[in-house]
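Here is a brief report on selected side chains and the pairings between them. Keep the model open while reading.

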Amino acid sequence: MEITTLGIDLAKSVFQLHGVDEAGAVVLQRKVRRAALLDVLGRLKPCLIGMESCPTSHFWAREIAALGHDVRLIPP
């Protein structure tokens, strides 16, 4: 399972993760609680991560980028 692109849907307490491989096949669909997000992402190899831009997304982008991932914020 080699995730190349990961989408994160930010919410108040439970985030949705959707990861695809190089061919675009879904390899990860998972719900993650806010407290566990950085632990889960820290175990993944660095990849491209996209999430919708919102007030808290800038905080999460900085924290996730510190783990080595390439984070892109998408306008709503």
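## L44 and its surroundings

L44 is partly exposed, at 21% relative accessible area. This is a predicted model. L44 sits in the loop that runs between α1 and β4.

Which residues touch L44, once neighbours within four places in sequence are left aside? The contacts are I3, L6 and H69. P55 gives a second view of L44's position. L44 and P55 are 11 residues apart in sequence, yet their C-alpha atoms are 25 Å apart in space.

## Salt bridge E2–K45

The structure holds 2 salt bridges. One of them pairs E2 with K45. The closest N and O atoms of E2 and K45 are 3.6 Å apart. A salt bridge requires such a pair within 4 Å, so this pair counts.

Where do the two partners lie along the chain? E2 is in the segment before β1 (5-9). K45 is in the loop between α1 (37-42) and β4 (48-52). The two are 43 residues apart, and the pair links distant parts of the chain. L44 belongs to that loop as well.

Buried, partly exposed or exposed: which word fits E2? E2 is partly exposed, with a relative accessible area of 42%. K45 is exposed, with 56%. The cut-off for exposed is over 50%, which is why K45 gets that word.

## Salt bridge R72–D70

R72 and D70 also meet in a salt bridge through their side chains. The N to O distance is 3.0 Å. R72 is partly exposed, at 47% relative accessible area. D70 is partly exposed too, at 37% relative accessibility.

## Cysteines without a bond

How many disulfides does the structure hold? The number is 0. Why does C47 not bond to C54? The closest cysteine sulfur to that of C47 is in C54, 19 Å away, and this is too far for a bond. A disulfide needs the sulfur atoms within 2.5 Å, so the pair fails the test. Seen from the other end, C54 is in no disulfide, and its nearest cysteine sulfur is that of C47.

Is C47 buried or exposed? C47 counts as buried, with 7% relative accessibility. The limit for buried is under 20%, so C47 falls below it. C54 is partly exposed, with a relative accessible area of 28%.

Methods:
Residues numbered from 1 in each chain as written. Predicted model: local features only at pLDDT ≥ 70, side-chain atom pairs only at ≥ 80, totals over all residues. Heavy atoms only, no water. Buried < 20%, exposed > 50% of the residue type's maximum accessible area, 1.4 Å probe, protein only. Helix = DSSP H or I, 4+ residues; strand = E, 2+ residues; numbered from the N terminus. Contact = heavy atoms within 4.5 Å.
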